[in-house]
2 protein chains.
Amino acid sequence: MDEKDDFALQDFLPYLLNRAAEESSLGFQKHYKNRYGMLRTEWRVLFHLGNYGQMTAKEIGSRAKIHKTKISRAVAKLAEKRFVTRTRDESDRRAEHLALTPAGEAAYKDLREHALEFDTQICARFTSGEVAILRYMLRNLAGIEP
Amino acid sequence: MDEKDDFALQDFLPYLLNRAAEESSLGFQKHYKNRYGMLRTEWRVLFHLGNYGQMTAKEIGSRAKIHKTKISRAVAKLAEKRFVTRTRDESDRRAEHLALTPAGEAAYKDLREHALEFDTQICARFTSGEVAILRYMLRNLAGIEP
DNA sequence: GGATATTAGTTGTTTTTGTAACTAACAAGG
DNA sequence: CCTTGTTAGTTACAAAAACAACTAATATCC
């Protein structure tokens with residue numbers, strides 16, 4: 001329709017990244033959505049607590065770059081589901097330490113299993129060298145240290 | 001906190017992909033948002049029309065994997081801004097062919113320029129071989145043919 | 001040709017997100 | 001102490017997305 005320049009939409013990285021992210025999310029979503037009625041932010045919070053152990057909402061936010069209002073709501077839902085407990089920090093009574101309950105731990109482990117399987121399935125399409133490069137590049141793009 | 005298995009959240013591909021996608025989107029967003037008051041779906045539609053030429057809403061939807069209601073609303077906004085025209089297909093009066101107006105074309109070219117620059121900037125952090133692998137893998141993950 | 005099913009696109013309603021303003025606790029400086 | 005500023009987290013309201021139900025045109029098949 002015009003002088004095509006050297007621009008091709010299907011090579012534009014933000015576009016490609018979003019398409020790939022949406023596609024892969026869709027695949028994994030059904031695990032936490034159907035089985036536990038969770039939202040994306042909820043499983044992220046759950047995974048952070050399961051993976052790194054007890055921490056505060058603020059900490060999760062800065063690690064995962066999620067806005068505090070989203071975390072607040074996710075934590076409320078997870079607490080409602082009895083997946084996390086909140087305990088006030090006695091030396092700074094604004095903060096509260098979040099931790100998984102046994103039920104939360106169980107859900108985490110179950111989902112982690114599926115995540116691992118899902119990840120393995122994705123990687124199977126590529127060589128291990130390619131996957132290593134992909135992870136390295138995505139971490140860089142996401143602003144996560146090595 | 002527990003037997004860590006061999007699972008690391010920060011290596012989980014759907015997570016990494018989403019973080020990277022969000023980060024890169026944020027960077028490009030300001031161009032179409034601040035300068036043209038567009039939403040993500042709007043620039044995607046604009047880009048499709050600019051890049052591939054006239055087509056129907058249905059076609060954009062299947063190419064970009066965007067739901068028809070999102071497209072419908074994006075097209076309405078773009079038409080409001082006088083960036084696209086809609087012309088009924090005479091042989092199938094349900095469908096309409098969307099095309100850029102000169103103003104739409106101008107906006108597209110302007111944004112394409114910024115997109116290209118933004119993309120180049122991202123790629124500069126990596127070797128060209130790495131970038132080629134990344135694009136290839138993302139296309140695959142996004143379900144876009146080679 | 002006429003009932004039935006499909007398809008292109010729109011509209012309405014409910015969820016989810018984004019943004020801003022808020023409360024409560026702490027921190028500093030005077 | 002007691003103003004002023006900052007921080008952790010929540011709440012309220014506006015914008016956007018998801019999902020379902022709709023209209024109108026066309027296809028199908030008896």
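A helix here is a DSSP run of H or I with at least four residues, and elements are numbered from the N terminus. The model behind these exercises is predicted.

**Exercise 1. Find the residue with a positive phi just after H3(B), and describe its setting.**

Step 1. Go to the end of the helix. Just after H3(B) comes B:Lys65, with a positive phi of about 50°.

Step 2. Check the residue type. B:Lys65 is a residue other than glycine, and its phi is positive all the same.

Step 3. Place B:Lys65. It sits in the loop between H3 and H4 of chain B. Its relative accessibility is 48%, so it counts as partly exposed.

Step 4. Turn to chain A. A:Lys65 also has a phi near 50°, again positive in a residue other than glycine. A:Lys65 is in the loop between H3 and H4 of chain A. At 46% relative accessibility, A:Lys65 is partly exposed.

**Exercise 2. Work out which residues of H3(B) are buried, and where they lie around the axis.**

Step 1. List them. B:Ile60, B:Gly61 and B:Ala64 are the buried residues of H3(B).

Step 2. Look down the axis. These residues cover an arc of only 100°, so they fall on the same side of H3(B).

Step 3. Take the opposite face. Turned away from the buried side are the exposed residues B:Lys58 and B:Ser62.

Step 4. Name the packing partners. From chain A, the buried residues meet helix H1 (13–36). From chain B, they pack against helix H2 (40–52), strand E1 (55–56), H4 and strand E3 (96–100).

Step 5. Inspect the N-terminal end. B:Thr56 caps it, with a side-chain oxygen 3.1 Å from the backbone nitrogen of B:Lys58.

**Exercise 3. Describe how the protein meets DNA strand D.**

Step 1. Identify the neighbours. There are 20 residues around strand D. Those that come nearest are A:Lys58, A:Lys68, A:Ser72, A:Arg86 and A:Arg94.

Step 2. Sort the surface by residue class. It holds 12 charged, 5 polar and 3 nonpolar residues.

Step 3. Ask which part of the DNA is involved. Of the strand D atoms within 4 Å of the protein, 62% are sugar or phosphate, and the rest belong to bases.

Step 4. Pick out individual contacts. A backbone N or O atom of A:Lys58 is 2.6 Å from a phosphate oxygen of strand D. A polar side-chain atom of A:Thr56 is 3.5 Å from a phosphate oxygen of this strand. A:Lys68 reaches a base: an N or O atom of its side chain is 2.8 Å from a base oxygen.

Step 5. Assign the surface to elements. Helix H3 (57–64) and helix H4 (68–80) of chain A, with helix H4 (68–80) of chain B, each give two or more residues. H4(A) supplies the largest share, 4 residues.

**Exercise 4. Repeat the analysis for DNA strand C.**

Step 1. Identify the neighbours. Strand C is surrounded by 21 residues. The closest are A:Arg93, B:Lys58, B:Ser72, B:Arg86 and B:Arg94.

Step 2. Sort them. The surface divides into 12 charged, 6 polar and 3 nonpolar residues.

Step 3. Split the DNA atoms. Sugar or phosphate accounts for 53% of the strand C atoms within 4 Å of the protein, and bases for the rest.

Step 4. Pick out contacts. A backbone N or O atom of A:Arg93 lies 2.7 Å from a phosphate oxygen of strand C. For B:Lys58, a polar backbone atom is 2.6 Å from a phosphate oxygen. An N or O atom in the side chain of B:Lys68 is 2.8 Å from a base oxygen.

Step 5. Assign the elements. H4 of chain A joins helix H3 (57–64) and H4 of chain B in giving two or more residues each. H4(B) gives the most, with 4 residues.

**Exercise 5. How many disulfides does the whole structure hold, and are A:Cys123 and B:Cys123 buried or exposed?**

Step 1. Search all chains. The count is 0 disulfides.

Step 2. Apply the cut-off: buried means under 20% relative accessible area. A:Cys123 is at 15%, so it is buried. B:Cys123 is at 16%, so it is buried too.

**Exercise 6. Place B:Thr41 and list its contacts.**

Step 1. B:Thr41 is in helix H2 of chain B.

Step 2. Its relative accessible area is 15%, so B:Thr41 is buried.

Step 3. Leave out residues up to four places away in sequence. B:Thr41 then touches B:Ile66, B:Lys70 and B:Ala74.

Terms used: Residues numbered from 1 in each chain as written. Chains lettered and ligands numbered in written order. Predicted model: local features only at pLDDT ≥ 70, side-chain atom pairs only at ≥ 80, totals over all residues. Heavy atoms only, no water. Near = heavy atom within 4 Å. Polar contact = N/O pair within 3.5 Å; in protein donor to acceptor, adjacent residues only side chain to side chain. Nonpolar A, V, L, I, M, F, W, Y, C, P; charged D, E, K, R; others polar. Buried < 20%, exposed > 50% of the residue type's maximum accessible area, 1.4 Å probe, protein only. Arc of directions from axis to C-beta. Contact = heavy atoms within 4.5 Å. Disulfide = S-S within 2.5 Å.
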